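Here is a friendly round of questions and answers to read alongside the coordinates. Have your viewer open and follow along.

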Amino acid sequence: MIFTAGQIAGILEGELEGNPDIAVHKLAKIEEGESGSLTFLANPKYTSHIYTTKASITIVNKDFVPEQQLATALIKVDDAYESFSKLLEYYNQVKNNKVGIEQPNYKSETATYGEGIYLGAFAYLGNNVRLGDNVKIYPNAYIGDNVTIGDNVTVFAGAKVYSETVIGNNCIIHSGAVVGADGFGYAPNKDGEFKKVPQTGNVVLEDNVDIGAGTTIDRATLGSTILRKGVKLDNQIQIAHNVEIGEHTVIAAQTGVAGSTKIGKYCMIGGQVGIVGHIAIGDRVRIQAQSGIGRNVKDDEVLQGSPALNYGDYNKSYVHFKNLPKITNKINELEKKVGQ
């Protein structure tokens, strides 16, 4: 896609200094800018690059005053970083604004959808599927029976949404994600063999939930696995059956949450965290990467380690751990002196 400096200045409500007809077709870092690219300057430590960049257009703060001649057109805005982010969002909206139904695909006769639908080739819509307006179902995506999806939802290529799942508005499900697979429910019989417990519940994603590529969210045994509004999951995360995640909680890649655990609102959970089942984690909790959580966690705790400790206690303990050989040597020397 090609945009002119005049168009970009209009979108951002910025002040243009340069030729309004200069066109760009790609984005670049300021130090890597080349002809036909758009970049931005927000961090003062990169200021020197604006005098050497070959980018055709640069977004800058309104208070920027060049000290040398520039080869790039300027668009001056209140906040260059925020405006560049706004432009990226606009670009994605335009780029992903696919509309229409590609062939071949499968749509059940009982499936319904609203306006602005995009249904990619080889997509599958099962019985009684309900899609809202401006839903984008990319190629090879699977939408199972009795699934309900709200407005402005995107399901990228190869994602699988199992039956009975309920998805709210403005959600994104990335490629390879699986929503609604059976929970890991098995019970041993008298011979010690594990027999499958039927998983008859579903998954509920409320509004503005993002699911990363390769992430799996299991259906509940009974009731629902629930991700409240604004939850953001990174790639390759496992959310087990009957888990509930509170509003606006974010979780980084490769984290696993075992069954029936409840996570509160506004939590931040780092990568490769392991959380046991049947516990409660409070609101605004911070868990550092690679921590293991095996107990209930109160509101506002900050944890690290495996098993996880209070963040401050962990750092103090780690200092002693690093010095353990020295401490051991001192103890050995003291024992020798006492023995003499």
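Q: Is Y318 buried, partly exposed or exposed?
A: Keep in mind that this is a predicted model. Y318 lies in helix α3. Its relative accessible area is 39%, and the partly exposed class runs between 20% and 50%. Y318 is therefore partly exposed.

Q: Which element gives the most residues to the nonpolar surface patch that includes Y318?
A: The patch covers about 470 Å² and is made by Y318, F321, L324, I327 and I331. Helices α3 (311–322) and α4 (324–339) are the elements that give two or more residues to it. With three residues, the top contributor is α4.

Q: Which strands stand at the edges of the open nine-stranded sheet?
A: The strand order is β10-β13-β16-β19-β24-β27-β30-β33-β36, and the pairing is parallel. A strand at the edge has a single partner, so one of its sides is left without a neighbour in the sheet. The two edge strands are β10 (112–113) and β36 (280–281).

Q: Which residue in β27 stands opposite V204?
A: Let us look inside that sheet. Strand β24 (residues 202–205) pairs with strand β27 (residues 224–227) in the parallel sense, over four bridges. Opposite V204, in β27, stands I226.

Q: Which residues does I173 touch, leaving out those up to four places away in sequence?
A: I173 belongs to the largest nonpolar core, which has 50 residues, and is listed with L233, I281 and I293 as having the most contacts inside it. As a general point, nonpolar side chains tend to be buried together in soluble globular proteins. The residues that I173 touches are T154, V155, F156, A159, V161, I167, V179, L205 and I211.

Q: How many residues are in the other core, the one that includes F3?
A: This core lies apart from the largest one. Among its members are F3, V24, I59 and A80. Its residue count is 14.

Q: What is the omega of the peptide bond between Q103 and P104?
A: P104 is placed in the loop between β8 (100–101) and β9 (106–107). The bond that joins Q103 to P104 is cis. Its omega is about 0°.

Q: What phi does N170 have?
A: N170 sits in the loop between β19 (166–167) and β20 (172–173). This residue is partly exposed, at 35% relative accessible area. Although N170 is not a glycine, its phi is positive, at about 60°.

Q: What is the relative accessibility of Q254?
A: Q254 is another non-glycine residue with a positive phi, here about 65°. Its place is in the loop between β31 (250–251) and β32 (256–257). Q254 counts as partly exposed, with a relative accessibility of 42%.

Q: Is Q304 buried or exposed?
A: Q304 is found in strand β39 (residues 302–305). Leaving out residues up to four places away in sequence, Q304 touches Q288, S291, L309, Y311, Y314 and N315. Its relative accessible area is 17%, and the cut-off for this class is under 20%. Q304 is therefore buried.

Q: Which residue in β40 is the bridge partner of G305?
A: On one hand, β39 runs parallel to strand β37 (residues 286–287), joined by two bridges, with R286 partnered by V302. On the other, β39 pairs with strand β40 (residues 308–310) in the antiparallel sense over three bridges. A hairpin through two residues links β39 to β40. The partner of G305 in β40 is A308.

Note on methods
Residues numbered from 1 in each chain as written. Predicted model: local features only at pLDDT ≥ 70, side-chain atom pairs only at ≥ 80, totals over all residues. Heavy atoms only, no water. Pairing = 2+ DSSP bridges. Buried < 20%, exposed > 50% of the residue type's maximum accessible area, 1.4 Å probe, protein only. Patch = residues over 30% accessible without salt bridge, like charges linked within 9 Å, V, L, I, M, F, W, Y side chains within 5 Å. Areas by Shrake-Rupley, 256 points an atom, 1.4 Å probe, with all protein chains shown as cover. Salt bridge = Lys/Arg side-chain N within 4 Å of Asp/Glu carboxyl O. Core = buried A, V, L, I, M, F, W, Y, C linked by side-chain atoms within 4.5 Å. Contact = heavy atoms within 4.5 Å.
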